[in-house]
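Got your viewer open and a selection box ready? Load the model below and follow along, stop by stop.

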Amino acid sequence: MTVAPRAKKKGFAAWIGKESTAGYVFSLPFIFGFLMFMAIPMGLSLYYSFCKYDIQSAPTWIGLDNYIKIFTNDSTFTKALTVTCYYALIGTPLKVIFALIVALILNHESKAVPIYRATYYLPSIIGGSVAVAILWRRLFESNGTINAIFGGILPFLDGYNWFSEGPAIWVLIILTVWQFGSSMLIFLSALKQIPRELYEASRVDGATGHQQFWHVTLPLLTPTIFFNLVQQTINSFLAFTQCKLITNGDPRKSTLFYTVYQYNKAFPAVGKSQMGYASALAWIMLVIITVVTAILFWSRSKWVYED
């Protein structure tokens, strides 16, 4: 008995039957979200950066005036960029180093280690929340918990003003270092991937624990260090909640983050919005982050072990 060949589907039915069609269909939510919440807003932001725009009225094209004003007649821009760079250059290495130290401590076989991992990761989950920012401010107030605990041990901390011009930025840096959980878990995962045979071979050759760290562990962790360094550097340049809720840039703009300055231009407490000016600030920050990231990638071949 001969079976007649199945007729080929044509048109829309054939297109639906393709395996690639299923991929396109399942990708549609992401494509829609990317266009609506990323690509189109970025395009509008680029256009507004060349306009005088206050949200309430139609944008007026002014060319490069926003950018010229930023670089030639805006001292607050320079101050905010300086504060943000200081925060990133100090806070990021401290955060990565602290995460590595904790990961090394937790890289041991113990039934309690999973509990410790979850406990140390918790600040990274809630660290950017409004509640934590408010709590952090309360901790470092003159009559706060920090002064109450350490004031008896260190008398100069009794009633010490942590939000004065000098130490205020360090309150924010300590907060970002405290949020080391995500980097710590990445380091911990990388430590688990280092072959035990390398440690055994180095031990046979007479290497001490200190020598094993510097000549085995650290070189093999350099790709992970590089990843965490890039990720946390970008996050530091984009930090917002900590500054806005804890210090709001005070005192005397000594803690004014770039993103907070940009936000204040777009949504000022008093006066008209300068959304076009804020858009120009956003694109300048994008260029700065791109340059910093490119420098990090350029340096990769000089210190990252790739073999």
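What follows is a walk through salt bridges, rings, cysteines and one loop with unusual backbone angles.

Before you click, some ground rules: this is a predicted model, in which local features need pLDDT of at least 70 and side-chain atom pairs count only at pLDDT 80 or more, while totals for chains, interfaces and linings use all residues. Residues are numbered from 1 along each chain as its sequence is written, and side-chain values use heavy atoms, with hydrogens and water left out.

**Stop 1: salt bridges**

Select Lys 272 and Asp 54. Their side chains form a salt bridge, 3.9 Å from N to O; the term means a side-chain nitrogen of Lys or Arg within 4 Å of a carboxyl oxygen of Asp or Glu. The partners come from distant parts of the chain, 218 residues apart: Lys 272 is in the loop between α13 (258–266) and α14 (275–303), and Asp 54 is in the loop between β1 (51–52) and β2 (60–61). Those element names are DSSP runs numbered from the N terminus, with helices (H or I) of at least four residues and strands (E) of at least two.

Now colour by accessibility. Is Lys 272 buried or exposed? Lys 272 is exposed at 61% relative accessibility, whereas Asp 54 is buried at 14%. Here buried is under 20% relative accessible area, exposed is over 50%, and partly exposed is in between (1.4 Å probe, protein chains only).

Next, pick Arg 138 and Glu 141, whose side chains meet in a salt bridge at 2.5 Å, N to O. Glu 141 is buried at 18%, while Arg 138 is partly exposed at 48%. Then jump to Arg 300 and Glu 306 for a salt bridge of 2.7 Å, N to O. Arg 300 is partly exposed at 25% and Glu 306 is exposed at 52%. The count for the structure is four salt bridges.

**Stop 2: Tyr 120 and its neighbours**

Centre on Tyr 120, which belongs to helix α5 (residues 113–126). This tyrosine is partly exposed, at 34% relative accessibility. Leaving aside residues up to four places away in sequence, Tyr 120 touches Val 102, Leu 106, Phe 180, Gly 181 and Met 184, where contact means heavy atoms within 4.5 Å. For a distance check, draw a line from the C-alpha of Tyr 120 to that of Ile 194: the gap is 22 Å, with the two positions 74 residues apart along the chain.

**Stop 3: cysteines**

How many disulfides does the structure hold? Zero, with a disulfide taken as a pair of cysteine sulfur atoms within 2.5 Å. Select Cys 243 to see one reason: the closest cysteine sulfur is in Cys 85, 14 Å away, so the two are too far for a bond. Cys 243 is buried at 0% relative accessible area, and Cys 51 is buried at 1%.

**Stop 4: rings**

Switch on the aromatic side chains. The structure holds 19 aromatic pairs. Rings of Phe, Tyr and Trp (its six-membered ring) pair if their centres lie within 6.5 Å; planes under 30 degrees apart are stacked, over 60 edge-to-face, and the rest tilted.

Start with Trp 136 and Phe 140, a tilted pair at 5.5 Å centre to centre and 40° between the planes. Trp 136 is buried at 8%, and Phe 140 is buried at 5%. Tyr 263 and Phe 267 make another tilted pair, 5.4 Å centre to centre with 50° between the planes. Tyr 263 is partly exposed at 33%, and so is Phe 267 at 46%.

For a group view, select Tyr 47, Tyr 48, Phe 50, Tyr 53, Trp 61 and Tyr 67, which ring pairs link into a cluster.

Charges sit over rings too. The charged end of Arg 137 is over the ring of Phe 163, 4.8 Å from its centre, and Lys 265 lies over the face of Tyr 277 at 5.1 Å from the ring centre. The test asks for NZ of Lys or CZ of Arg within 6 Å of the ring centre and within 35 degrees of the ring normal.

**Stop 5: the loop between α12 and α13**

Most residues other than glycine have a negative phi, and most peptide bonds are trans. Now select Pro 251, in the loop between α12 (241–247) and α13. The peptide bond from Asp 250 to Pro 251 is cis, with omega near -5°.

Asn 248 is in the loop between α12 and α13, with a positive phi near 55°, and is partly exposed at 35%. Finish on Arg 252, also found in that loop between α12 and α13: its phi is positive, about 50°, and the residue is exposed at 67%.
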